[in-house]
Amino acid sequence: MPVEQSQNKVTLKHGKSTVQIYLLGATLTSWVFDGQERIFVSPLVFPQFGPKGPLPQHGFARVSKWDWLGVTTENASELTVSFGLKPDAVPESQRKIWSHDFKLLYTVTLIGNTLKTKLTVHNTSSGPFGFTSLLHTYIRVKDVTKAQVVGLTGYTLEDTINNNLISTESRHGVTVAGEVDRVYQNVTNNILTIENTHIGAGFIISKSNFKDVVVWNPWIENAKKMADFDDEEYLNMICVEVGNVASPIQLAPGGVWEGEQTLVAI
Ligand SMILES: O=P(O)(O)OC[C@H]1O[C@@H](O)[C@H](O)[C@@H](O)[C@@H]1O
C-alpha cells in the first residue's frame with residue numbers, strides 16, 4: 001500500500017522513498033530514501049517565527065493536530081498527499097492570542113529522489129493578517145562539523161546568538177563548529193546544496209516564494225537543555241530552514257499565499 005494511516009501518523013511509500021508524517025503539527029519525522037534516513041525531523045512554523053510575537057515560540061501549527069485530507073495524486077511517477085489545519089484545532093490558549101480565521105494546507109509530494117513540501121495559507125477572515133513561517137527542516141548528517149551549506153555567499157545575515165549582529169556571509173560554504181543560529185535575509189538564490197552529509201552525496205534544496213533561510217545547530221550545551229533531543233544528537237543534524245521570517249507576509253481577506261520547498265536526495 002502506498003499510504004498507510006494510523007490514528008496519529010501517515011506513512012507514504014513510493015519508489016525508493018518511505019516518509020512518515022505525524023498529524024500532530026503535520027510533522028515529517030522520517031524520509032528513508034534508498035535505504036538511508038535522510039531527515040532528522042521537519043516541523044512547521046506558523047504564524048510566528050521564534051519568540052518574535054505574542055505567541056509561544058514558533059506559533060501553533062507545530063502543536064496543533066492537523067486533519068488528514070488524503071491522497072490527491074497517485075501514479076507510477078508521483079504520490080501527493082495533503083493535510084489541513086483550521087482554527088478549531090488550535091490550542092485554546094493560542095487561539096485567544098491569534099484569533100484570525102484561516103485555513104492551512106500542507107502538501108507532500110514524492111517523485112523519484114525528491115520530496116516536495118508546500119504550505120498554503122488562506123485568509124478566511126474579514127480582515128487582513130500578517131504571519132511569519134518556516135519549513136523547519138533538520139537535515140540528517142553523519143557529522144555536522146564536516147557538513148557545509150553552499151549558496152549563501154554574499155547575503156545579509158542576522159546572527160541571533162551574537163546580539164542580532166548584521167553582517168554579510170563571505171564564506172563559500174557555511175559550516176558548523178559551535179552554536180549557530182543565523183537568519184539569511186532575502187536570499188534570491190533559490191537553490192542551496194548541503195554537502196558532506198556523508199549520507200548519500202548530500203541534498204539540493206530549492207525554494208519558491210520563501211525569501212529567507214535560517215541555519216541552526218544548538219551545539220553541546222543547548223542540546224543538553226532540550227527535553228526532546230539527546231545530548232549527542234546535535235552532531236547528526238543541521239537545520240536549513242526556508243521561510244519568511246525577517247518581515248511578515250501580509251494577507252488580505254480572501255487572499256491565498258503559498259510557499260514550496262523541494263529537497264533532492266543526491
Ligand atoms: O527549540 P525550538 O523551539 O524547536 O526552536 C529551535 C530553533 O529554531 C530555529 O528556527 C531558531 O532560529 C532557533 O532560535 C531555535 O532555537
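A salt bridge is a side-chain nitrogen of Lys or Arg within 4 Å of a carboxyl oxygen of Asp or Glu. In this structure, which is a predicted model, a search of the whole structure finds 7 salt bridges, and some of them are described below, after a look at the chain as a whole.

The protein chain contains 2 helices and 23 strands. Its C-alpha atoms fill a box of roughly 45 × 45 × 35 Å along the principal axes. For 266 residues, a compact globule would have a radius of gyration near 18 Å, and the chain's value of 18 Å agrees with this. Of the 266 residues, 51% count as buried, while the chain exposes about 11500 Å², of which carbon and sulfur atoms supply 50%. Among contacts with a separation of 6 or more, 63% are between residues 24 or more positions apart.

A place to look more carefully is the one that UniProt, in an unreviewed entry, marks as "active site", namely H136 and E241. These residues span 106 residues in sequence, yet their C-alpha atoms are no more than 4.7 Å apart, so they gather at one spot. Both H136 and E241 are included in the lining of the largest pocket. H136 lies in the loop between β12 (129-135) and β13 (138-140), whereas E241 is found in strand β22 (residues 237-251). H136 counts as buried because its relative accessibility is 5%, under the cut-off of 20%, and E241 is likewise buried, with a relative accessible area of 1%. Leaving aside neighbours within four places in sequence, H136 is in contact with several residues, including H58, W216, C239 and E241. With residues up to four places away not counted, E241 touches H136, D212 and W216, among others.

Returning to the salt bridges, one of them joins K118 and E258, whose closest N and O atoms are 3.8 Å apart. This pair links distant parts of the chain, since K118 is in strand β11 (residues 114-123) and E258 is in strand β23 (residues 256-265), 140 residues apart. K118 counts as partly exposed at 22% relative accessibility, and E258 counts as partly exposed at 37%.

Another salt bridge is formed by R171 with E169, the closest N and O atoms being 2.9 Å apart. Here E169 counts as buried at 4% relative accessibility, while R171 is partly exposed, with a relative accessible area of 30%. E169 and R171 are also linked with R182 in a network of salt bridges.

Notes:
Residues are numbered from 1 along each chain as its sequence is written. This is a predicted model: local features need pLDDT of at least 70, side-chain atom pairs count only at pLDDT 80 or more; totals for chains, interfaces and linings use all residues. Side-chain values use heavy atoms; hydrogens and water are left out. UniProt positions are given in the numbering used here, feature names are shortened, and annotations may be inferred rather than shown by experiment. On a 1 Å grid over the protein atoms alone, a cavity is a set of points where a 1.4 Å probe fits but cannot get out, and a pocket is an open set with protein on both sides within 12 Å along at least five of seven lines; lining residues have an atom within 4 Å of a point. Helices (H or I, at least four residues) and strands (E, at least two) are DSSP runs, numbered from the N terminus. Buried means under 20% relative accessible area, exposed over 50%, partly exposed in between (1.4 Å probe, protein chains only). Contact means heavy atoms within 4.5 Å. The radius of gyration is taken over C-alpha atoms; the globule rule is 2.2 Å times the number of residues to the power 0.38. Accessible areas come from the Shrake-Rupley method with a 1.4 Å probe; for residues, only the protein chains shown count as cover.
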